[in-house]
Amino acid sequence: MLWLLFFLVTAIHAELCQPDAENAFKVRLSLRTALGDKAYAWDTNEEYLFKAMVAFSMRRVPNREATEISHVLLCNVTQRVSFWFVVTDPSRNHTLPAVEVQSAIRMNRNRINNAFFLNDQTLEFLRIPSTLAPPTDPSVPIWIIIFGVVFCIVIVATMLLILSGIRQRRRSASLEFLQISGTRESLTSLGASCLTSCLHGAPTSNL
Amino acid sequence: MDEARPLWATPLQFVFACISYAVGLGNVWRFPYLCQMYGGGSFLVPYIIMLAVEGMPLLYLELAVGQRMRQGSIGAWRTISPYLSGVGVASVVVSFFLSMYYNVINAWAFWYLFHSFQDPLPWSVCPLNGNRTGYDEECEKASSTQYFWYRKTLNISPSIQESGAVQWEPALCLILAWLLVYLCILRGTESTGKVVYFTALLPYCVLMIYLVRGLTLHGATNGLAYMFTPKMEQLANPKAWINAATQIFFSLGLGFGSLIAFASYNEPSNDCQKHTVIVSIINSSTSIFASVVTFSIYGFKATFNYESCLNKVILLLTNSFDLEDGFLTVSNLEEVKSYLASAYPSKYSEVFPQIKNCSLESELETAVQGTGLAFIVYTEAIKNMEVSQLWSVLYFFMLLMLGIGSMLGNTAAILTPLTDSKVISSYLPKEAISGLVCLVNCAIGLVFTMEAGNYWFDIFNDYAATLSLLLIVLVETVAVCYLYGLRRFESDLKAMTGHALNWYWKAMWGGVSPLLIISLFVFYLSDYIITGTLQYQAWDASQIPTVRKQL
């Protein structure tokens with residue numbers, strides 16, 4: 001009688017957890033890709049931890065605080081490592097709806113990943129999309145700051161060059177003026193001396 | 001004639017000015033492409049022959065004319081013959097066209113440079129889509145670097161008819177680029193002479209650093225082997241020779257009047273023959289040097305993509321057949337595939353269409369030139385290097401130096417005739433003329449910052465200068481040899497520099513170079529006529545990758 005009951009229970013469990021069963025999810029781990037030489041072996045203890053993490057995630061959903069580790073069923077473990085899991089209700093006859101399990105896993109994805117030293121790519125829950133990290137957008141884009149700095153430097157340098165050019169031109173213009181007025185003075189004195197010498201019959205002009 | 005014509009402080013400044021003008025973006029993004037398309041190592045044969053036969057003689061001619069006439073292009077050609085002032089005007093107009101669109105490249109270089117100070121680099125990751133479950137659709141279909149170029153930088157419209165609005169970000173960068181150019185040309189040779197030390201030397205520093213880094217990258221040797229393996233049959237391809245001649249011609253920047261302008265600020269006794277040889281050899285060696293760097297980067301990128309492709313296939317097979325993680329490696333991939341095909345035929349045939357055929361050759365064969373090479377391929381390689389921010393900053397700084405160096409030559413070609421003209425320079429000081437030219441160019445250049453701006457850029461790049469320059473240089477050569485008289489020019493040069501003119505230059509100027517230019521001209525003219533409706537590459541978000549549309 002007991003044997004019959006045992007077989008019945010395992011049969012029901014087997015029915016509940018099957019590949020492509022209703023509300024079942026496939027999980028895929030890539031331990032060697034993630035950890036290389038430090039990859040641990042996937043054994044029943046790791047499976048226990050996994051069941052514990054799923055049960056933990058379900059317990060954080062309102063109305064599901066009574067989920068136990070024994071309610072999480074794993075099956076079809078392959079060498080990959082990949083397996084299917086379902087979460088049953090306390091009566092162990094029905095599986096919890098996929099939507100609830102999905103949202104629970106999504107909320108706690110980070111904790112589950114960290115428990116196994118994996119990330120979203122190496123611990124995959126098929127059919128449970130992970131929320132991608134939003135890009136960190138600073139309030140002022142960095143490029144504008146750098147642009148502003150370079151722009152100001154160029155403007156300042158241009159202004160300096162233009163102003164120094166103007167100043168140089170004014171200085172050389174005033175120098176020229178001084179030279180011209182100096183020449184005029186010497187010319188007038190020359191003219192005065194010529195008048196006196198010219199009246200004495202010197203050639204009139206070779207100016 | 002002009003008492004106080006400004007001079008270069010040392011002949012070294014003149015050499016650096018010519019180098020920084022000639023060594024430009026074409027050396028980095030056009031020559032490697034040509035090398036790849038026309039037989040790798042064997043392309044060097046037509047290239048060097050054309051350098052000796054066409055490049056050096058024409059360069060010497062322009063420098064000699066400038067140094068002898070001591071005026072910008074308009075004045076110089078008017079002195080040779082009053083009927084030829086049109087040649088000078090043509091040079092100025094072509095330079096004007098070039099400076100209009102060329103500075104947009106500097107604006108883009110600034111944009112990428114400013115964006116390089118972030119972690120992660122903005123072109124290395126796709127932005128998320130609306131509900132944060134995946135990446136933006138356009139970015140998924142293309143790659144993140146293409147998305148950043150076409151969507152974030154250009155915000156390109158699907159066709160040239162849809163002009164869109166002026167994008168303020170590239171417009172700001174364009175204004176900055178023109179301000180920088182104005183700063184450098186403000187005082188004429190006094191300021192330009194100092195700037196060219198940087199614009200000529202810094203690109204070489206960066207190229208050296210990149211050479212060392214590039215050669216140590218994983219997979220660089222694949223690219224180098226691919227490039228330098230000579231494909232001798234390409235020597236029989238006339239297109240290889242035509243492209244070699246064209247590349248030498250445009251790479252040296254002949255016909256714009258910039259070389260005449262630079263040489264007009266020389267001492268009359270300057271030995272421009274020696275400088276010709278130096279500048280042309282440095283220009284060509286830089287092209288080869290840059291293509292070594294480019295091909296090691298290509299090799300790295302191709303190897304990286306090839307290995308990612310293989311890893312994707314491995315992951316696909318591992319997941320489909322639930323094999324042990326790490327069991328499938330690159331080395332046993334083929335035998336495991338055949339084993340799986342025989343052991344699980346039905347399942348394998350399901351998976352088979354998704355298995356891509358990864359090939360290193362096809363990755364290497366994607367030959368790219370122009371802005372696509374500089375802003376898409378290089379950035380893709382840079383994002384996979386360690387400390388990518390540093391490499392990115394160095395690279396775009398180098399692009400900026402190369403671009404600004406060429407811009408200095410272009411603006412000199414426009415400004416020297418203007419400042420030489422008595423009419424204009426009596427009304428306005430030098431600074432005002434430069435400012436006015438920069439302002440007008442900047443205003444017109446804003447067209448290239450519109451959404452369809454890149455299509456206009458491509459059109460200008462392909463068609464603005466080609467035929468005009470060939471015609472200008474042809475008329476120049478014929479004018480000096482036959483109108484002015486080769487003997488007269490020879491005696492002028494001898495009086496000026498003190499050296500006799502070598503027979504080689506006379507032979508080239510008189511016969512070979514004009515014939516070459518005529519044949520190039522005829523080829524391009526017939527090419528345009530035969531092609532019929534002109535086409536351009538468009539980026540349509542609904543049809544990725546690029547699609548050819550008609551003008």
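**Notes on a predicted model: a sheet in chain A and a helix pair in chain B**

1. A good place to start is the open sheet of chain A, where four strands run in the order β2-β3-β1-β4 with antiparallel pairing. At its edges lie β2 (72–75) and β4 (123–125) of chain A, each of which pairs on one side only. From one strand to the next, the twist averages 25°. Please keep in mind that this is a predicted model.

2. Let's look at one strand pair in that sheet. Strand β1 (residues 25–29) of chain A joins β4(A) through three bridges, in the antiparallel sense. Here A:V27 stands opposite A:F125 of β4(A).

3. The sheet also has a helix packed on it: α3 (residues 44–59) of chain A touches β1, β2, β3 (82–87) and β4 of chain A. The direction of α3 makes about 140° with that of β2(A).

4. On the domain level, the assignment for chain A gives domain 1 (15–125) and domain 2 (137–179). The C-alpha centres of these two domains of chain A are 66 Å apart.

5. Now over to chain B, where helix α8 (residues 144–153) packs with helix α18 (residues 371–383) at an angle of about 140°, their axes 9 Å apart. The two helices are therefore oblique to each other, since an angle has to be over 145 degrees to count as roughly antiparallel. The crossing of α8(B) past α18(B) is right-handed.

6. Which residues of α8(B) and α18(B) meet? From α8(B) come B:S144, B:T145, B:Q146, B:W149 and B:Y150, and from α18(B) come B:T371, B:F375, B:I376, B:T379, B:E380 and B:K383. By class, this contact has four nonpolar, five polar and two charged residues.

Methods: Residues numbered from 1 in each chain as written. Chains lettered and ligands numbered in written order. Predicted model: local features only at pLDDT ≥ 70, side-chain atom pairs only at ≥ 80, totals over all residues. Heavy atoms only, no water. Axes fitted to C-alpha atoms, helices over the stretch in contact; angles between N-to-C directions. Parallel < 35°, antiparallel > 145°, perpendicular 65-115°, else oblique. Left-handed = near helix turned anticlockwise from the far one by under 90°. Contact = heavy atoms within 4.5 Å. Nonpolar A, V, L, I, M, F, W, Y, C, P; charged D, E, K, R; others polar. Domains from an automatic or database assignment. Pairing = 2+ DSSP bridges.
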